[in-house]
Amino acid sequence: SHRLIEETGEFVLAFPHEGMRSLIEYAGSHSGREIDKFAEWNIEVLKPRYVKPPLIKDAVACFECMVRGSLVTGDHTIFAGEVIASYISERYKDRLYNFGDGKFGTIKDR
């Protein structure tokens with residue numbers, strides 16, 4: 001993701017729904033350099049209007065973003081993006097959050 005964001009200057013921010021917990025746990029612990037996560041999990045995508053990265057079809061919300069700045073902080077880079085388009089699901093409403101220590105859930109689980 002880091003390399004692609006640097007190369008293209010754009011990204012999609014997607015908020016998963018509670019049913020995507022297994023996918024998020026898997027995706028967060030496996031590198032995209034080693035496997036194609038979209039193919040491995042049959043993730044359905046939608047074509048974005050302004051950026052190259054795809055939208056996640058069943059996400060609670062997706063935001064098409066253009067990088068407007070970045071800050072290198074040790075071994076991480078913080079990318080600041082401008083939202084240029086947004087999409088909200090009419091089907092999924094309960095966003096999945098990472099509460100830390102490997103715990104995921106929705107606001108009602110907190």
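Two strands are said to pair if DSSP finds at least two bridges between them. Helices (H or I, at least four residues) and strands (E, at least two) are themselves DSSP runs, numbered from the N terminus.

This report describes a predicted model, in which local features need pLDDT of at least 70 and side-chain atom pairs count only at pLDDT 80 or more, while totals for chains, interfaces and linings use all residues. Residues are numbered from 1 along each chain as its sequence is written, and side-chain values use heavy atoms, with hydrogens and water left out.

**Overall form**

The protein contains three helices and seven strands. Read from the N terminus, these elements follow the order α-β-α-α-β-β-β-β-β-β. The radius of gyration, taken over C-alpha atoms, is 14 Å, close to the 13 Å that the globule rule (2.2 Å times the number of residues to the power 0.38) gives for 110 residues, so the protein is as compact as a globular protein of that length. Along the principal axes, the C-alpha atoms fill a box of roughly 35 × 30 × 30 Å.

Of the 110 residues, 28% count as buried; buried means under 20% relative accessible area, exposed over 50%, and partly exposed in between (1.4 Å probe, protein chains only). The accessible surface comes to about 7,800 Å², and carbon and sulfur atoms hold 51% of that surface. These areas come from the Shrake-Rupley method with a 1.4 Å probe, and for residues only the protein chains shown count as cover. Among contacts (heavy atoms within 4.5 Å) with a separation of 6 or more, 50% join residues 24 or more positions apart.

**Strand pairing**

Strands S1 and S4 pair in the antiparallel sense over six bridges, and Glu10 stands opposite Met66 in S4. S4 also pairs with strand S5 (residues 76-88), again in the antiparallel sense, over twelve bridges. Here Leu71 stands opposite Ile78 in S5. S4 and S5 form a hairpin with two residues between them, and Gly74 in the turn has a positive phi of about 70°.

**Aromatic pairs**

A pair of aromatic rings is described by the distance of the centres and the angle of the planes. Rings of Phe, Tyr and Trp (its six-membered ring) pair if their centres lie within 6.5 Å; planes under 30 degrees apart count as stacked, over 60 as edge-to-face and the rest as tilted. A search of the whole structure finds two such pairs, set out below.

| Pair | Centre to centre | Angle between planes | Class |
|---|---|---|---|
| Phe15 and Phe63 | 5.6 Å | 90° | edge-to-face |
| Tyr97 and Phe99 | 6.3 Å | 10° | stacked |

The pair of Phe15 and Phe63 links distant parts of the chain, since Phe15 lies in strand S1 (residues 10-15) and Phe63 in strand S4 (residues 61-73), 48 residues apart. Both Phe15 and Phe63 are buried. In the stacked pair, Tyr97 is partly exposed, with a relative accessible area of 26%, and Phe99 is partly exposed at 24%.

Both Tyr97 and Phe99 are touched by Thr106, which also touches Glu18, Asp94 and Arg95, not counting residues up to four places away in sequence. Thr106 lies in the segment after strand S7 (103-105) and counts as buried because its relative accessibility is 2%.

**Nonpolar cores**

In soluble globular proteins, nonpolar side chains tend to be buried together. A nonpolar core is a set of buried Ala, Val, Leu, Ile, Met, Phe, Trp, Tyr and Cys residues joined through side-chain atoms within 4.5 Å. The largest nonpolar core here has nine residues: Val12, Met20, Leu23, Ile43, Val51, Leu55, Ile56, Ala59 and Cys62. Apart from that core lies another, of six residues, among them Ile5, Phe11, Phe15 and Cys65. Cys62 touches residues including Val12, Leu13, Ala14, Leu55 and Ile56, not counting residues up to four places away in sequence.

**An exposed loop residue**

Asn42 is placed in the loop between helix H3 (37-40) and strand S2 (45-46). Asn42 counts as exposed because its relative accessibility is 64%. Most residues other than glycine have a negative phi, whereas phi of Asn42 is near 50°, a positive value.
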